Amino acid sequence: MAQPVIDFQTSNTSINIGRSNVESLLSQISSATRDAMKIYEGSGYGIPCPNSPIPHQLDAVYDLVNLKQVIGVLEGACNQLCLTLSPPAHTMGNRMTMPIEPACIRVASQAKVADILLEYPCGLPVEELGRQTSINSEKLARILRLLAGRGCFKEVSKNVFTNTRLSLTLLSSNPISSSVKLFTDDFNKGLALLNECLTDTEFGASHEPEKSPFMFSLKDKMCDRVMWDWYQLHPEDGQHFGRGMVGWSNVTGAMAALQCPIWGELPPGSSICDIGSGVGGFTINLARAYPQLKITLCDRPETIVQAEQFWAANYPEAINEKRVTFIPVDIFEKAVGGHDVYYARHVIHNWRDPKATTLLRNIRKVMQKDTKLFQAEEYVLPHTRDTNLHSEVNGSSEQIFHPGSIKLFNLDIMMMVALNAKERTISEYENLGSNAGLHLTKHWEFAETSLLEYHITEPYHTPLSPHL
């Protein structure tokens, strides 16, 4: 077969545009790098060393919004620069092999390699690691060597490994290790069969959570059930899920929402109802920061049991002082009335529009004129920011370089995999609230996380049916 003839003639205009784009990216990289250096040096602890077996003092400060913003610019600009200058075959070769690294992370996490190495800051031979993990040492060495090439563990000498700042996130004491299990094990089962699910005559066109790729991967074990049923039937995995959500909040800096001025403006004794609370990973920190507030957690009975255990272990004072209440309830049947603020965190993104609207309508029914609904969504997709909402971004520019926040779109696909659900743009959240009789009035953005404020629409009209 004759090969196509490619004309490499390019106009001077195209050449100039290409060079101008690269120079612009280099300028963004330089500026973002210096901004990040300034943040670290301003902390008084200096710039971190990636291969250090000791964490930097800022590594566990998860709500540094300004650092996350400049890292977003840095990641996005570096990615765009490599995409511009690398041959497409080279780039695609890298991307098609990306699933290998998460599989290796899963091995290291499940084997608790980081926990073992914690006792050996100068390194441990892989033969001993293999003995303690019951994994073939030659294979384990190759897995750790790949991870070391990405800064997760360090090979201090041939076949001798130690921890790094990055590998310390895999410690079993760190809830991020449970997040690793969720993404590299539980959700990955459905992700591996995404194409097969999408092309299946029964599952492919459905938006029901019973027909998600996650449930497709389990169709020989359980039918017409949803992911939550799986975790209820497998309590140990359910515990990992709850803990993994706490870890994921650390990954995304969800606690940055505590910096929002709204909490301090609430009168003492104000009651906050956490809808679909999980174990209360956010509200337990809210209760610590604002002890004058009263918290009520509402979720499924089995989740409320976990929440009571979580608070008893981590903040028993709130229970003893009767500042927190636990109510088992089906949030799609009703909302608990009598609260000043309703707070829904990482709940709406679990559902397509019909179910999400039902939930919001239930909350709307028990809201009074001055009641507020704060919806904390992990991500607001950035590609259509076309509303006139008042946006407060902690004094920073709205123009965050979003290609660096690829987690936004990764999580959107993961919601599809887990529950046939989705992340939404700010316009979609505005329309969703409108269909439930709620008016979206404010949008606070904290780099990777967002907080949306709703008030009731006056007068309240019967909303239109939502669209998928």
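Good morning. I begin at a single pair of residues: Pro125 stands opposite Val160 in strand E3. Please bear in mind throughout that the model before you is predicted.

That pair belongs to the contact between strand E1 and strand E3, residues 160-162, where two bridges join the strands and the direction is antiparallel. Which order do the strands of this sheet follow? The order is E1-E3-E2, in an open sheet of three strands with antiparallel pairing. Its edge strands are E1, residues 124-125, and E2, residues 154-157, each of which pairs on one side only. As general background, strands of a sheet pair through backbone hydrogen bonds, either parallel or antiparallel.

Just ahead of this sheet's strand E2, in the loop between helix H7 and E2, lies Phe153. Phe153 has a positive phi of about 80 degrees, although it is not a glycine. Is Phe153 buried or exposed? Phe153 is buried, because its relative accessible area is 0%, and the cut-off for buried is under 20%.

A second residue invites comparison. Lys112 also is not a glycine, and it has a positive phi of about 60 degrees. Lys112 sits in the loop between helix H4 and helix H5, the latter covering residues 113-117. With 42% relative accessibility, Lys112 counts as partly exposed.

I turn now to the helices H4 and H7. In general, two packed helices are described by the angle between their axes and the distance between the axes. Here, the axes of H4, residues 100-110, and H7, residues 137-148, come within 10 Å and cross at roughly 120 degrees. The two helices are therefore oblique to each other. The crossing in which H4 passes H7 is left-handed.

The next region contains parallel strands. Strand E5, residues 294-299, is mostly covered, as five of its six residues are buried. Strand E4, residues 271-275, runs parallel to E5, and five bridges join the two. Within this pairing, Ile272 has Ile295 in E5 as its bridge partner. Between E4 and E5 the chain passes through helix H14, residues 283-289, and this β-α-β crossover is right-handed. E5 is also joined by five bridges to strand E6, residues 324-328, and these two strands run parallel as well. In that second pairing, Asp299 stands opposite Pro328 in E6.

Let me consider the cysteines. A disulfide is, in general, a covalent bond between the sulfur atoms of two cysteines. How many disulfides does a search of the whole structure find? The search finds zero. Cys82, for example, is in no disulfide, and the nearest cysteine sulfur, that of Cys78, is 6.7 Å away. Cys82 is partly exposed, with a relative accessible area of 49%. Why does Cys273 form no bond with Cys298? The sulfur of Cys298 is the closest cysteine sulfur to that of Cys273, but at 3.6 Å it is too far for a bond, because the limit is within 2.5 Å. Cys273 counts as buried, at 0% relative accessibility.

I close with a hairpin. Strand E12, residues 438-446, and strand E13, residues 449-456, run antiparallel and are joined by eight bridges. His439 has His455 in E13 as its bridge partner. Two residues lie between the strands of this hairpin, and Ala447 in the turn has a positive phi of about 65 degrees. Thank you for your attention.

Note on methods
Residues are numbered from 1 along each chain as its sequence is written. This is a predicted model: local features need pLDDT of at least 70, side-chain atom pairs count only at pLDDT 80 or more; totals for chains, interfaces and linings use all residues. Side-chain values use heavy atoms; hydrogens and water are left out. Buried means under 20% relative accessible area, exposed over 50%, partly exposed in between (1.4 Å probe, protein chains only). Helices (H or I, at least four residues) and strands (E, at least two) are DSSP runs, numbered from the N terminus. Two strands pair if DSSP finds at least two bridges between them. A crossover is right-handed if, with the strands pointing away from the viewer, the path from the first strand over the helix to the second runs clockwise. Axes are lines fitted to C-alpha atoms, for helices over the stretch in contact, and angles run from 0 to 180 degrees between N-to-C directions. Angles under 35 degrees count as roughly parallel, over 145 as roughly antiparallel, 65 to 115 as roughly perpendicular and the rest as oblique. A crossing is left-handed if the near helix is turned anticlockwise from the far one by less than a right angle, and right-handed if clockwise.
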